[in-house]
Every structure is written in structure tokens, then in C-alpha cells.
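Dear colleague,

Please find below the structure that I am handing over to you. My account of what was found in it follows directly after.

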Amino acid sequence: MEHDAIHAIPQPLRRFLTITEIDDADFRVGAWFRRKFATPPPDVGLHLVAMYRDIAGALHLAGYSHMRPFGDVYLSGGSCSSGDTIRAMDPADRAAIQSAGGVWFLILKYAFARYADDCDAFFGHCGDARALEVATAAGFVSAEHPHLIAHWHKPLPEDSRHALIAKVHALGSF
């Protein structure tokens with residue numbers, strides 16, 4: 001059952017910001033993703049985008065995040081935001097988004113709500129200090145290994161948590 005993930009976006013922001021899943025990441029974020037990561041976006045998994053609507057009604061890509069189902073967990077990665085879009089925002093809109101945690105924070109909260117019933121935990125691999133601050137604010141915690149983080153949204157016994165951590169850690173960077 002899908003949760004009402006739209007509530008992850010504070011009501012005042014919904015006038016100019018939305019987050020949604022898209023089927024074809026390459027179509028919407030391919031060139032942008034290649035500039036950020038020097039590789040095409042994944043062609044599998046779930047693709048979330050944050051779209052900003054300017055005062056004229058035009059839509060601009062504000063952020064992207066990839067979620068990949070991996071058995072009983074989801075892997076979060078390939079996340080980025082558009083500095084160009086954020087700089088071009090109405091200053092009041094930009095301040096409201098920042099006060100709510102920022103674009104990537106909102107995408108993570110949306111994903112946690114939307115896919116909560118689909119997995120036992122979310123995992124990320126985070127080596128950037130600023131990204132780790134945002135991920136931690138969104139609910140991720142350290143998962144026993146350098147750069148590995150987990151969001152435990154369901155109560156799980158410790159042995160189950162350790163087994164999930166081991167499984168994801170065995171993947172290496174993702």
C-alpha cells in the first residue's frame with residue numbers, strides 16, 4: 001500500500017514544488033546526471049524528481065534521487081540537486097524550501113513515505129560531509145561501516161538489522 005507521500009512536502013511549498021516518480025530518468029535528467037556523475041542515470045529502479053514551478057508557471061528540475069529495490073531493502077543513491085534551478089527560484093520560495101530541509105531532504109522524506117510498505121529499510125552510501133548532514137536530518141543513521149547509512153522505518157530485531165547491513169555492505173559502493 002502506497003502512503004500519501006505528498007504530505008512529506010509541507011503544505012505551503014506545494015504551490016511551487018512537487019515530487020514525483022518518473023519512468024525514464026534518461027529522458028528527464030540524463031544530460032544533467034551525466035554532468036554531475038560522468039555516467040548515465042540508472043535504467044532500473046525508481047526515479048524521483050523534485051520539480052519547481054516558477055511564477056510564470058514553467059517547470060524546472062530541482063532535484064533527483066534514485067531508489068533501487070534490493071530484496072527487502074531499498075538502496076538510495078545518485079541524488080543531486082540543481083544549483084541553477086535553486087539560484088533562479090523566487091527568493092521567498094528558495095528560503096521556504098531551505099527552511100523545510102532543502103530539496104534532497106524533501107525527496108528523501110517523500111521516498112520514505114511512498115515506499116515504506118515496500119521494504120524493511122532504506123540504505124545509502126554517503127561519503128560527502130554535507131550530504132551526510134542532510135541524510136542524517138532526514139532520518140539516516142550510521143550502519144556500522146564507513147559511508148554506509150540506514151533508515152530504519154520499521155521495528156526490526158537487532159539480528160535482522162545486522163543481517164541487512166551485512167547484505168548491503170557486501171555490495172560495496174552503490
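In this predicted model, strand S5 is mostly covered, with four of its five residues buried. The strand spans residues 121-125 and pairs with strand S4 (residues 73-81) in the parallel sense, over four bridges. One position to find in the viewer is Tyr74, whose bridge partner in S5 is Phe122.

S5 also pairs with strand S7 (residues 148-151), here in the antiparallel sense and again over four bridges. Two positions show how these strands face each other: Gly124 stands opposite Ile149 in S7, and His125 stands opposite Leu148. As general background, the strands of a sheet pair through backbone hydrogen bonds, and the pairing is either parallel or antiparallel.

Is S7 covered or uncovered on its faces? Both of its faces are covered. Leu148 and Ala150 lie on one side, Ile149 and His151 lie on the other, and all four residues are buried.

S7 has a further partner in S6, and these two strands pair in the antiparallel sense over two bridges. Ser142 has Ile149 of S7 as its bridge partner. S6 and S7 form a hairpin in which five residues lie between the strands. Within that turn, Glu144 has a positive phi of about 75°.

These pairings belong to a wider arrangement. The sheet is open and has seven strands, in the order S1-S2-S3-S4-S5-S7-S6, with mixed pairing. Its edge strands are S1 (17-22) and S6 (141-142), each of which pairs on one side only.

I turn next to the aromatic residues. How many aromatic pairs does a search of the whole structure find? The search finds eight. One of them is formed by Phe16 and Tyr52, an edge-to-face pair with 6.0 Å from centre to centre and 65° between the planes. Phe16 lies in the segment before S1 and Tyr52 lies in strand S2 (residues 46-53), so this pair ties together parts that are 36 residues apart in sequence. Both Phe16 and Tyr52 are buried.

A further pair consists of Phe112 and Phe140. Their ring centres are 5.4 Å apart and their planes meet at 70°, so this pair is edge-to-face. The angle decides the matter because planes over 60 degrees apart count as edge-to-face. The pair links distant parts of the chain, 28 residues apart: Phe112 is in helix H4 (residues 103-114), and Phe140 is in the loop between helix H5 (129-138) and S6. Phe112 and Phe140 are both buried. These two residues also belong to one aromatic cluster, together with Tyr74, Tyr115 and Phe122. You will recognise Tyr74 and Phe122 as the bridge partners described above.

Helix H3 (residues 91-99) deserves a short note on each of its ends. At its start, a side-chain oxygen of Asp90 reaches to within 2.9 Å of the backbone nitrogen of Ala92. After the helix comes Gly101, whose phi is positive, near 115°.

Finally, two serine residues may be useful for practice in reading surroundings. Where is Ser65? Ser65 lies in strand S3 (residues 59-70). Its relative accessibility is 0%, so Ser65 counts as buried; the cut-off for buried is under 20%. The side chain of Ser65 makes a polar contact of 2.5 Å with the side chain of Ser79. Leaving aside residues up to four places away in sequence, Ser65 touches several others, including Leu46, His47, Leu48, Trp104 and Ile107.

The second serine, Ser82, is placed in the loop between S4 and helix H2 (83-88). Its relative accessibility is 7%, and therefore Ser82 counts as buried. Not counting residues up to four places away in sequence, Ser82 touches Trp32, Leu61 and Ala62.

I suggest following the account in the order given, with the structure open beside it.

Yours sincerely,
A colleague

Methods. Residues are numbered from 1 along each chain as its sequence is written. This is a predicted model: local features need pLDDT of at least 70, side-chain atom pairs count only at pLDDT 80 or more; totals for chains, interfaces and linings use all residues. Side-chain values use heavy atoms; hydrogens and water are left out. Two strands pair if DSSP finds at least two bridges between them. Buried means under 20% relative accessible area, exposed over 50%, partly exposed in between (1.4 Å probe, protein chains only). Rings of Phe, Tyr and Trp (its six-membered ring) pair if their centres lie within 6.5 Å; planes under 30 degrees apart count as stacked, over 60 as edge-to-face and the rest as tilted. A polar contact is a pair of N or O atoms within 3.5 Å; within protein, one must be able to donate a hydrogen and the other to accept it, and residues adjacent in sequence count only if both atoms are side-chain atoms. Contact means heavy atoms within 4.5 Å.
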